[in-house]
Structures are given as structure tokens and as C-alpha cells.
Amino acid sequence: MRRSLGILYFLFIVYYLLMMANGIVIEKGSPVVLGFNILFFAYMVFLNLFKNPYFNKFLIIYLFLLFLLVLILLTSSAYYESLRLFVKYAIALLAFPAGFNLITREKDYHYLMRVAFAFLVLYLLNYIIASTFHLGGSNLRYKGETSVETGNLFDDALFLNVCILTLLPLMFYFYRKGGKRFVIILMVLVVTVISVICMKRMVIVCVVLSLVMISLLTRWISHKYGKLPDSGSVLKLSLPHYALISVALIVIGVLFWDTFMDQLEARRTEIQRSLEEESRVAEIIAIYEDMSEFESDGVSLLGQETFHTVGTYANGAFGDRMIHTNFGIILNGSGFIGLLFYLVLSLYFLVVLFRTVRNSVLTENLFARKLYVTYLVLWTVYNVASFSGTIWLTMYPAFNFLIMGAILRFFYDDKVSNLKSKYERIGL
């Protein structure tokens, strides 16, 4: 299992490097990228088939993916486009059982935090290189006079940065020394600022949501289950470190203020747009109206052109625009049955946590509290981010579900060990 986990972490890092290089060093649509996607998908399938003693526990995930695959084969007129998106989505969902099966020790979580930190380093490195050599690429969407140049890293990397921001409670838990914690805070601050001034509205919403939820949930757990003796020490820094962070905030503000204001002006029109004028809202309404007419029961119930979204919905009213929300993609591609399946699966990820967590572990264990808060924030932010079409992404949803699966395993093992102890005490 340790070797399998090491390979998985390696694949995540390599995938991130390919994201940086795609369209800049490597031609977009290159066989290299396509081949690596297939390799990543194949490895996820391998882990779920041969490194998974809890196969039945995740049956709903496998049934949903099989359902989508069958619909693609039956309804799609462009297998390549449909299967390309299916592979991305499948990698993400299959990461949940992989995290559950492979990340079983506290040391494994520690290495997971190192992978997250590596993503921060790579994102900053990419920003420096892109800014130095003006590698704006096709992702320089909201362009002002002092634009943020991100190379090829945009949607996937920005949401991944929010995911890493959500891991702060765990990072603070593992890196208790002030020096390491200061470096992490500084890195997260810089990356968060860069992510925000990219002016992707959903990213900004998710950043704020993450911070607010972490604060509120942490306070709620302390109030409900009582404070633990060492809970305060996890967040403490020395006075010099607070001073350095304050200086860093001032420097970051000075460096990025002009860029932020310029980006804000470049995006002002779209930010002020009303909800009714928002394209992704209009496309969901159009798809829903088409499906709800039931002109064809088969299409309304099971969808059309599964995962082939460009120009195939709303009678072509949106031209070559792809569907921008998970709900629209699922409803158009798998009908009302598929949308119901998708919503049930989303609730499954939440319910399975509540059914597994015992109150006693949150009363006694600080690590468990950090995991619990992290899981709830990850689940919430992912569902909010789905209004930006996270099905189109790979790294962010895959890493998100990997962490969630790993957290669920912690609570599952705790519950099983306590059941065994109970049965041993009563002689069973």
C-alpha cells in the first residue's frame, strides 16, 4: 500500500507539472497530455479494483460512473470529446476510494500535506516564470494594463489553491514549529492574493467561504465538545513571527495593489452583471426547460450527447459555448435520472461522514477535530465550486476527493476499533 500511495502522489505532482507546461512547452492537445490522462485514469481503476478491500462501500460511485459510460456509448455523437471529459470526472471520483484505502496512518496525512505544499511552490514558481517571460497564454482572460500572468494555470490551479487553503488546520497541526508555520502562512498568503486578483468570481467566493467556515466550525466544535488542553497551541506563533507576517501583508499589499485595482476595473462589467444576465444561469434554465417539456421521454429521463456539451444543448442557442456548471452538464447529458443520481451521490459523501463519526472522538482528539472541519469545508466548497463546472477539471476535484476519502478512513478505523473493544469487553 505504501508503494501504491507513493506512485499516486508522484502522479499528482507530474500532472501539475504537465498543467504548467501544457500550451507553453507542450502543444495543447498533445499526445503526451492525452497519454498521461489515460495513464492516470488506468492507475485509478487499478487501485479501485485491486487495492480496494472495501469495494462494496463505494458501490454508488462505481454504479454512477458505469451509468455515465453506458449513456456515452448510447447517446454521444463524439466519443472522443465525451470520453475525454468522462476520464477527468472518473479520476476525481475514484480518488475518494483511493484515499480511503491508501492513506491509513497519521504519517500518510503528513506526506499529503507535503504534496499540498509542493503545489504551492509550483504555483508560485509558475507565476514567477509566467510574469518574467510574459506567458499569459489563452488564460489571460480578464486583461488590464497590469494583468496577472498565470501561464497555462488557471481554473484547475486556482480551485486547487482554495483546496490547499482549506487544509490550513491540518498544516498547522503537523507543522508545530513557528518557523515552518510562518513559511506556510506566507506561501498561502501570496498564493491566495494571486488567486484572488485573477478575478475569477467563484474562486473569490470559495476563498471567503473556506476561511469563514474554518473559523465558525472550529468555534462550534470547541463550544459543543469542549476545549482541549493543546488546542490553542496549534495556532500559536511567536511575536516575531506575527511581526513578520504583518510586514509581509504590507509588502504584498504594496506589490499587488495596482494589479488588483487594474484587474478589478477590467472585470467590473461582469462583476456588476445581474443574476438573470449571467450566462451559466441562462444555460441551466434553458437546459431545464428543454428537459422538462418531455417531448422525448428518453431524452428527458436519460439526457442527450452525454458529456459532449459544446453546441449540443438548448438547440444550439449558446453556440460553441460549453456548459459551465456541473448541474447543467449532468442534466443535459443524463437527464433527470442522472441528475437525481448525481445529487444522491453528493449527499452520500456527507451522510457517510456523519454516520461514521462518533461524538467521543471529537470530544477527545484534536487531530480528529481538524479532520472533521476540513472534510466539511472541502465538501461545501466543492459543491459551491460546481457552479463553475468542476467536472471539466482534474487536479482540483481529484485532490479534493483524495483528502476526503483519507479523512473518512480515519473515522472509520476509529469506529471499527471501538466496536472491537466493546465486543471484547462483553466477551464476544
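The following paragraphs go through a predicted model of a protein chain, from its overall make-up to single residues.

The protein chain has 16 helices and zero strands. Of its 428 residues, 53% are buried. Among contacts between residues at least 6 apart in sequence, 81% join residues at least 24 apart.

Helix H1 covers residues 2-21. Its 20 residues should span 28 Å at 1.5 Å a residue, and the end C-alpha atoms are 29 Å apart, which agrees. The buried residues in H1 include Leu-5, Leu-8, Tyr-9, Phe-12, Tyr-16 and Met-19. Ser-4 in H1 is buried as well. Just after H1 comes Gly-23, with a positive phi of about 85 degrees.

Helix H3, residues 59-75, can be checked in the same way. With 17 residues at 1.5 Å each, H3 should span 24 Å; the end C-alpha atoms are 24 Å apart, in agreement with that value. Among the buried residues of H3 are Ile-60, Ile-61, Phe-64, Leu-65, Leu-68 and Ile-72.

Ile-61 leads on to the nonpolar core. The largest nonpolar core has 147 residues, and the members that touch the most others are Ile-61, Phe-349, Phe-399 and Phe-411. Which residues is Phe-349 in contact with, leaving aside its neighbours within four places in sequence? They are Ile-61, Leu-93, Phe-96, Tyr-375, Trp-379, Phe-401 and Met-404. Ile-61 belongs to H3, while Leu-93 and Phe-96 belong to H4.

Phe-349 itself is in H13 and takes part in the packing of H4 with H13. Helix H4 (residues 79-102) and helix H13 (residues 326-356) pack at an angle of about 10 degrees, and their axes are 14 Å apart. Angles under 35 degrees count as roughly parallel, so H4 and H13 are roughly parallel to each other. From H4, Leu-85, Tyr-89, Leu-93 and Phe-96 meet Ile-329, Tyr-342, Leu-345, Tyr-348 and Phe-349 of H13. Sorted by class, this contact has nine nonpolar residues, no polar ones and no charged ones.

The loop between H12 and H13 holds two residues with positive phi values. Glu-305 lies in this loop, which follows helix H12 (297-302). Its phi is near 45 degrees, a positive value in a residue other than glycine. Is Glu-305 buried or exposed? Glu-305 has a relative accessible area of 16%; the cut-off for buried is under 20%, so Glu-305 counts as buried. Phe-307 is found in the loop between H12 and H13 too. Phe-307 has a phi near 65 degrees, again positive in a residue other than glycine. With a relative accessible area of 2%, Phe-307 is buried.

Another charged residue to look at is Arg-369, in helix H15 (residues 366-385). Arg-369 is buried, as its relative accessible area is 6%. Apart from neighbours within four places in sequence, Arg-369 is in contact with Ile-221, Ser-222, Tyr-225, Gly-226, Lys-227, Leu-228, Leu-362 and Thr-363.

The last residue on this route is Ala-248, in helix H10 (residues 239-271). Ala-248 has a relative accessible area of 12% and is therefore buried. Ala-248 and Val-190 are 58 residues apart in sequence, and their C-alpha atoms are 9.1 Å apart in space.

Methods. Residues numbered from 1 in each chain as written. Predicted model: local features only at pLDDT ≥ 70, side-chain atom pairs only at ≥ 80, totals over all residues. Heavy atoms only, no water. Helix = DSSP H or I, 4+ residues; strand = E, 2+ residues; numbered from the N terminus. Expected span 1.5 Å × (residues − 1). Buried < 20%, exposed > 50% of the residue type's maximum accessible area, 1.4 Å probe, protein only. Core = buried A, V, L, I, M, F, W, Y, C linked by side-chain atoms within 4.5 Å. Contact = heavy atoms within 4.5 Å. Axes fitted to C-alpha atoms, helices over the stretch in contact; angles between N-to-C directions. Parallel < 35°, antiparallel > 145°, perpendicular 65-115°, else oblique. Nonpolar A, V, L, I, M, F, W, Y, C, P; charged D, E, K, R; others polar.
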